[in-house]
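User: Could you take a close look at one part of this protein for me? I would like to understand the first hairpin and how it sits in the rest of the chain.

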Amino acid sequence: MDPRLGTGVVLSEIGPGEDGPAYQHREPFAFGETVRIGAWTTDAAQFPLY
């Protein structure tokens with residue numbers, strides 16, 4: 001979560017990258033959205049913003 005912009009990214013699916021292991025999947029989200037992280041969900045509105 002970037003508290004200045006109110007945006008974030010959930011990274012998942014580690015696989016091979018140019019310089020070693022890297023995340024293969026990026027799921028962007030915005031402040032206030034419900035975010036799924038694996039088997040869990042969280043409300044991004046609970047994170048503080050600047």
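Analyst: Happy to help; we can begin with the hairpin and then widen the view. Please keep in mind that this is a predicted model.

The hairpin is built from strand β1, residues 7-17, and strand β2, residues 20-30. The two strands run antiparallel and are paired through ten bridges. Two residues lie between β1 and β2. If you would like a spot to start tracing the pairing, try T7, whose bridge partner in β2 is A30.

One residue in this hairpin deserves a second look. E13 belongs to strand β1, and its phi is near 60 degrees, a positive value in a residue other than glycine. Is the residue E13 buried or exposed? E13 has a relative accessibility of 53%, and because exposed means over 50%, E13 counts as exposed.

Just ahead of the strands, you can find a charged pair. Side chains of opposite charge can pair when their charged atoms come close. Here D2 and R4 form a salt bridge, with 3.0 Å between the closest N and O atoms. A search of the whole structure turns up one salt bridge. R4 itself is exposed, at 61% relative accessible area.

Now for the second hairpin. Strand β3, residues 34-37, is joined to β4 by four bridges, again in the antiparallel sense. I37 has W40 as its bridge partner in β4. Two residues separate β3 from β4, and in the turn G38 has a positive phi of about 65 degrees.

The surface also has a nonpolar patch, formed by M1, F31, F47 and L49, with about 320 Å² of accessible area together. One of its members, L49, lies in the segment after β4 (40-43). L49 is partly exposed, with a relative accessible area of 38%.

Finally, the whole chain. The protein has four strands and zero helices, in the order β-β-β-β along the sequence. Its radius of gyration is 13 Å, well over the 10 Å that the globule rule gives for 50 residues, so the protein is more spread out than a compact globule. The C-alpha trace spans about 35 × 25 × 10 Å along its principal axes. Of the 50 residues, 18% count as buried. The protein exposes about 4,100 Å², with carbon and sulfur atoms supplying 55% of that area. Among contacts with a separation of 6 or more, 24% are between residues 24 or more positions apart.

Definitions and conventions
Residues numbered from 1 in each chain as written. Predicted model: local features only at pLDDT ≥ 70, side-chain atom pairs only at ≥ 80, totals over all residues. Heavy atoms only, no water. Pairing = 2+ DSSP bridges. Buried < 20%, exposed > 50% of the residue type's maximum accessible area, 1.4 Å probe, protein only. Salt bridge = Lys/Arg side-chain N within 4 Å of Asp/Glu carboxyl O. Patch = residues over 30% accessible without salt bridge, like charges linked within 9 Å, V, L, I, M, F, W, Y side chains within 5 Å. Areas by Shrake-Rupley, 256 points an atom, 1.4 Å probe, with all protein chains shown as cover. Rg over C-alpha atoms; globule rule 2.2 N^0.38 Å. Contact = heavy atoms within 4.5 Å.
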